[in-house]
Amino acid sequence: MKRSLFATLAAVGMLSMTPVTAQDFSEEDIKRLAIEAILENPQIVMDAVQILRERDEAQKVADTAQALAENKDTILDVSNAVVLGNPDGDVTIVEFFDYNCGYCKRAAPAVHDLIESDSNIRVIYREWPILSEGSVAAAKVSLAARNQGKYEELHWALMDLQQVDEATALNVAQGLGMDIAQLKTDMESDEVAEHIATSRNITSALGLTGTPSFIVGDTVVPGFVPKESLEELVAKVRAEM
């Protein structure tokens, strides 16, 4: 008959006919009884692991919520960020992405379609180049394109490419009629460096480890999100307004 550690201790107490307390057992006794209980009922280990996982997950959710609240002003600050869709939209989606991220490229049509189908969505794009030096260069070219009013065109064009580096990004920019000499100068501006640094600071605070990552309202969603899921998150935010 299987019994738990507590049942084992209780049985020992009954046999001795005297009350059993923790002080009645040595450390070796407790270890022996614990091992005995686990051998008789291995489910104890699985239950303990599940409890620890749930505790860790709850702590992670709480930590993310706190970090989100502490960094909310920075996350929603668009003074040095790109906004697509409706600048005055009632729901804001923030996306952290890398131009060489395959999942970011999969997510791009979903975000584009959502912008087209929902006229009250505001999307804040935050360049977070983490995969390669080519990613950093592509982000700098893209951010520099803001000064020539070509960010959105360049963004979607780069998302259509399999791999992007500085030469590729500049070639696409040239095809869009941009001033390449000016673009190269603007790539090294303080504004571009600050945008990328801020993205890194925010994602570090939120504990994000990969692209794409989304923030919709008070929900942080790491990884690829299909359009239907984005729509559900948006609907949830609106329902709570």
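Which residue just after α10 takes a positive phi? Select Gly-207 and you have found it: its phi is about 75°. What you are looking at is a predicted model, and this spot makes a good starting point for a walk around it.

**Stop 1: back along α10**

From Gly-207, step back into helix α10 and select residues 190-206. These 17 residues reach 24 Å from the first C-alpha to the last, close to the 24 Å expected at 1.5 Å a residue. Now colour Val-192, His-195, Ile-196, Thr-198, Ser-199, Ile-202, Thr-203 and Leu-206, which are buried. They cover an arc of only 155° around the axis, which puts them on the same side of α10. An α-helix has 3.6 residues a turn, so residues three or four places apart point the same way. Turn to the other side of α10, and you meet Asp-190, Asn-201 and Ser-204, which are exposed.

**Stop 2: a cis peptide bond**

Next, move on to the loop between α10 and β4 (213-216), where Pro-212 lies. Is the peptide bond from Thr-211 to Pro-212 cis or trans? Show the backbone here: the bond is cis, with omega near -10°.

**Stop 3: a helix with a kink**

Select residues 102-117 to bring up helix α5. Its 16 residues reach 24 Å from first C-alpha to last, close to the 22 Å expected at 1.5 Å a residue. Where does α5 kink? Look at Ala-108, shortly before the proline Pro-109: a kink of about 25° lies there. Ala-108 is also one of the buried residues of α5. Others to pick out in that buried set include Cys-104, Lys-105, Val-111, Leu-114 and Ile-115.

**Stop 4: pairs of opposite charge**

Side chains of opposite charge can pair when their charged atoms come close. How many salt bridges are there in this model? The count comes to six, and three of them are on this tour.

- Select Arg-238 and Asp-90, which form a salt bridge with their closest N and O atoms 3.0 Å apart. This pair links distant parts of the chain, 148 residues apart: Arg-238 sits in helix α11 (residues 227-239), and Asp-90 in the loop between β1 (82-85) and β2 (91-97). Arg-238 is partly exposed at 28% relative accessibility, and Asp-90 is partly exposed too, with a relative accessible area of 31%. Add Asp-118 to the selection: salt bridges that share partners join Asp-90, Asp-118 and Arg-238 into one network.
- Select Glu-188 and Lys-140, whose side chains meet in a salt bridge at 3.1 Å, N to O. Here too, distant parts of the chain are linked, 48 residues apart: Glu-188 is in the loop between α9 (180-187) and α10, while Lys-140 belongs to helix α6 (residues 133-144). Glu-188 is exposed, with a relative accessible area of 53%.
- Select Lys-150 and Glu-153, another salt bridge, with an N to O distance of 3.4 Å. Glu-153 is partly exposed, its relative accessible area being 41%.

**Stop 5: a nonpolar patch**

Finally, switch on the surface and select Ile-38, Val-45 and Val-49. Together they make a nonpolar surface patch of about 190 Å². Val-45 lies in helix α3 (residues 43-70). Is Val-45 buried or partly exposed? Val-45 is partly exposed, with a relative accessible area of 37%. A patch residue needs over 30%, so Val-45 passes that cut-off.

Key. Residues numbered from 1 in each chain as written. Predicted model: local features only at pLDDT ≥ 70, side-chain atom pairs only at ≥ 80, totals over all residues. Heavy atoms only, no water. Helix = DSSP H or I, 4+ residues; strand = E, 2+ residues; numbered from the N terminus. Expected span 1.5 Å × (residues − 1). Buried < 20%, exposed > 50% of the residue type's maximum accessible area, 1.4 Å probe, protein only. Arc of directions from axis to C-beta. Patch = residues over 30% accessible without salt bridge, like charges linked within 9 Å, V, L, I, M, F, W, Y side chains within 5 Å. Areas by Shrake-Rupley, 256 points an atom, 1.4 Å probe, with all protein chains shown as cover. Salt bridge = Lys/Arg side-chain N within 4 Å of Asp/Glu carboxyl O. Bend = angle between axes of the 7 residues up to and from the residue.
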